[in-house]
Amino acid sequence: MSARVDVETTLRGWLSDGTLVPDQRLPSESELIDRLEASRSTIRLVLKRLIDEGRLRSEHGRGYYVCRPPRADPGTSQWKRKASALVVEGSRFDVERVELASEAGRQESAHVLRSPTVVMAAVLGGPGHLLMVWRYRPGIGTGSWELPGGSVATGEDPAAAVSRITDEQAGIQAGELRHVLGFQPWADIADARHELFAGRHVGPGVARSGRDGDSAAEWIPLSEVPDLVASGRATGSATLVAALAIAASASSEAHRSFKWVDLFRARR
């Protein structure tokens, strides 16, 4: 049996018997060389193979770590759409009634709200301010501070849409807006995907500040954002996602450099 096979068998055994657990750091290459009595090239060859399989990961300057196994989704009962009908057709969303039947013979109906993709922009301007717009909604009698955002037009690129909307709502032409993540704010009742973009504003820092009672745009200090959320004056789902991302940043320097975008991307 070759030295490579011996090393690989040993490491796979450690991974399967609990000697090495998820997120645990492996012994250094030098320690593995001594413990397994193998050459550095053999150790690296086996480690690379396990990395390629997703069993291990390499972190620059820190070493090798055990990966968490992919989470398997629980099984779901199979439902088939038997019929559907549009019950509400609006300019911003539709509501569809869907008749469903399961493999076990159960019959159910559900209402699904469908809307175009919505894009939101988290734009930071120095020093330490977040671009926010005030929206008043007469239909429900409330307003809140939110990120600039709106619906993507048919055939429009989401990245182009978020730049357009930021300019229209706040009078700000942001620099490159990077896609952070997508999410469904009402996953149980709607197909209404939201896409969050983030970036910095490097031009003139004055947002459109006119207050007409229904809307306004301002640079809000990051230190005030938690208070807006706690007081219920910032309630939009994308705004809360962005606020949580900023709060999770390591330092004020991370705020200034917008490294929290990279933190999000690294977790995808």
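Student: What is the volume of the largest pocket, and what makes it a pocket?

Tutor: Its volume is about 840 Å³, counted as the space filled by probe spheres set on grid points that are joined across faces, edges and corners. It is called a pocket because it is an open set of points on a 1 Å grid over the protein atoms alone, with protein on both sides within 12 Å along at least five of seven lines; a cavity, by contrast, is a set of points where a 1.4 Å probe fits but cannot get out. This is a predicted model, in which local features need pLDDT of at least 70 and side-chain atom pairs count only at pLDDT 80 or more, while totals for chains, interfaces and linings use all residues. Residues are numbered from 1 along each chain as its sequence is written, and side-chain values use heavy atoms, with hydrogens and water left out.

Student: Which residues of the lining are the closest to the centre of the largest pocket?

Tutor: There are 26 lining residues, each with an atom within 4 Å of a point. The closest to the centre are Arg 92, Arg 137, Glu 146, Trp 186 and His 194.

Student: How do the residues of the lining divide?

Tutor: Eight are nonpolar, 14 polar and four charged. Asp, Glu, Lys and Arg count as charged, Ala, Val, Leu, Ile, Met, Phe, Trp, Tyr, Cys and Pro as nonpolar, and the others, Gly among them, as polar.

Student: Which elements each supply at least two residues of this lining?

Tutor: They are S6 (118-125), S7 (129-137), S8 (142-146), S9 (149-151) and helix H6 (237-247). S8 gives the largest share, four residues. Strands (E, at least two residues) and helices (H or I, at least four) are DSSP runs numbered from the N terminus.

Student: What makes S4 and S5 a pair?

Tutor: Strands pair if DSSP finds at least two bridges between them. S4 (residues 94-102) and S5 (residues 107-114) run antiparallel and are joined by eight bridges; one of the bridge partnerships is that of Ala 101 with Gln 107. Their hairpin has four residues between the strands, and there Gly 105 takes a positive phi near 95°.

Student: Why is the pairing in the sheet S3-S4-S5-S11 called mixed?

Tutor: The open sheet holds four strands in that order. S3 and S4 run antiparallel over nine bridges, with Arg 81 facing Leu 100 and Glu 89 facing Asp 94, and a hairpin of four residues joins the two strands. S5 and S11 (residues 190-191), however, are parallel over two bridges, where Leu 113 stands opposite Ala 190. The sheet is accordingly of mixed pairing.

Student: What makes S3 and S11 edge strands?

Tutor: S3 (79-89) and S11 each pair on one side only.

Student: How is the packing of H1 on H2 described, and how is that of H1 on H3?

Tutor: H1 (residues 3-17) and H2 (residues 29-36) pack at about 110°, with axes 11 Å apart. They are therefore roughly perpendicular. The ranges are 65 to 115 degrees for roughly perpendicular, under 35 for roughly parallel, over 145 for roughly antiparallel, and the rest for oblique. H1 and H3 (residues 40-52) pack at about 45°, with axes 9 Å apart. That angle makes H1 oblique to H3.

Conventions:
Axes fitted to C-alpha atoms, helices over the stretch in contact; angles between N-to-C directions.
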